[in-house]
Amino acid sequence: MALLLRVLCLVPAVRAYLPVFMMHGIGSGSGEMDTIRELAEAAHPGTVLTSFKLYEDLPDGLTNLNDQAAAVAGAVRAAVAANATLYAEGYHVVCKSQGGLICRAALMLMDDHAARTFVSLAGPQAGVFGPDFFKDVVHDVPLLENVTAQEAYHVAYTWAGQKLSVANMWRDPNHLDDCGLFDHCFDEGNVFLPNFLDKATAAMKANFLRLEKVVLCVGSGPAYDGGIEPWQSAVFGAADASGAIAPMEDQDFYATDAFGLRTLAESGRLNVTVVPNASHGSWTGDRATIAAYVLPHLT
């Protein structure tokens, strides 16, 4: 017995890595996360990664974000219920682009989540607004194909417009709260994004603060990174009426700690990673970018 114990002590312990849930961006599918899966499995043997097959491609990716967030929360719960042992110690959540915003909303809605780390890859956390995003992503969307970026709020902030994910993300800095009798504005007309920023409930804040770490990744450079505009939205920056980008620290939702972002920052649990010239696609397609900035958070 003594000899057996000595032999066992010489055998290196196998480290168990936490499982990972992943969600793709708009117009894409679960396969978008395949490179992250491949690299994580190689670097962290035994890691179980699940990329949700939800709202893949178009038009499904345009489904309103309240429904998509609820579906992601349901998928997490179903996976955990099906294999309680695997997820007993918690899990990480890695989500790209629109998926990054969806996953944050899902976690804020879940009082039963066991997520340790949330990694948002170029996710428009403070919304989208700009001519290049509009031209590239919104231009051909039903209801919005015949308006300009400056006119989009007339449609985006209506009951019909809010059935679309891109309208849920649309944050027009020229029409935030100046709601007239016959006009529309972000604060009253957007039924999704304000509820996960300034209007978050105490329960949503508590759920978000259960995370051990939040990682916000994005590339700097042109306002439109190839997927979101402005790129600063991924780190909770947003444009004001003059077009200037106000950083996260100058946002009202940060000052009031509406959903716990300031608490995370002040407690050292918020990691902001801005990589010069990294494109939108780099976060799921460039192996060096993933290895350097994503994999270290999945231990």
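This report describes the central sheet of a predicted model, the helices that pack on it, its cysteines and two buried residues.

**The sheet and its helices**

Six strands make up an open sheet in the order β2-β1-β3-β4-β5-β8, and their pairing is parallel. The strands at the edges are β2 and β8, each of which pairs on one side only, and from one strand to the next the twist averages 15 degrees. As general background, the strands of a sheet pair through backbone hydrogen bonds, in either a parallel or an antiparallel manner. Within this sheet, β3 and β4 are joined in the parallel sense over 6 bridges, and C95 stands opposite S120 of β4.

Helix α4, made of residues 98–109, packs on the sheet and touches β1, β3 and β4, with a direction that makes about 140 degrees with that of β3. Helix α3, residues 65–82, lies across β1 and β3 and runs at about 155 degrees to β1.

Helix α2 spans residues 34–43, and its buried residues are T35, I36, L39 and A40. Seen down the axis of α2, these buried residues fall within an arc of 125 degrees, so they line one face of the helix. That pattern can be read against the general geometry of an α-helix, which has 3.6 residues a turn, so residues three or four places apart point the same way. The partners against which the buried residues of α2 pack include four strands of the model, β1 (20–23), β2 (49–51), β3 (91–96) and β4 (115–121), together with the helices α12 (282–285) and α13 (287–293).

**The cysteines**

How many disulfides does the model hold? The count comes to 1 disulfide, formed by C95 and C103, whose sulfur atoms are 2.1 Å apart. A disulfide is, in general, a covalent bond between the sulfur atoms of two cysteines. The link of C95 and C103 is left-handed, with -80 degrees about the S-S bond, and both C95 and C103 are buried.

Why does C217 form no such bond with C95? The closest cysteine sulfur to that of C217 is the one in C95, and because it is 12 Å away, it is too far for a bond. C217 counts as buried because its relative accessibility is 0%.

**Two buried residues**

T273 has its place in strand β8, residues 270–276, and the side chain of T273 makes a polar contact with the side chain of N271 at 2.7 Å. Beyond its neighbours within four places in sequence, T273 is in contact with V215, L216, C217, V218 and Y293, so that C217 appears again among the residues that T273 touches.

A126 is found in the loop between β4 and α5, the latter being residues 131–138. A126 and A234 lie 108 residues apart in sequence, whereas their C-alpha atoms are 7.0 Å apart in space. Leaving aside neighbours within four places in sequence, the contacts of A126 are R171, L193, L197, S233, F236, G237 and A238.

The table sets out the relative accessibility of residues that count as buried.

| Residue | Relative accessibility | Class |
|---|---|---|
| T273 | 12% | buried |
| A126 | 2% | buried |
| C217 | 0% | buried |

Technical notes
Residues are numbered from 1 along each chain as its sequence is written. This is a predicted model: local features need pLDDT of at least 70, side-chain atom pairs count only at pLDDT 80 or more; totals for chains, interfaces and linings use all residues. Side-chain values use heavy atoms; hydrogens and water are left out. Helices (H or I, at least four residues) and strands (E, at least two) are DSSP runs, numbered from the N terminus. Buried means under 20% relative accessible area, exposed over 50%, partly exposed in between (1.4 Å probe, protein chains only). A polar contact is a pair of N or O atoms within 3.5 Å; within protein, one must be able to donate a hydrogen and the other to accept it, and residues adjacent in sequence count only if both atoms are side-chain atoms. Contact means heavy atoms within 4.5 Å. A disulfide is a pair of cysteine sulfur atoms within 2.5 Å. The arc is that of the directions from the helix axis to the C-beta atoms. Two strands pair if DSSP finds at least two bridges between them. Axes are lines fitted to C-alpha atoms, for helices over the stretch in contact, and angles run from 0 to 180 degrees between N-to-C directions.
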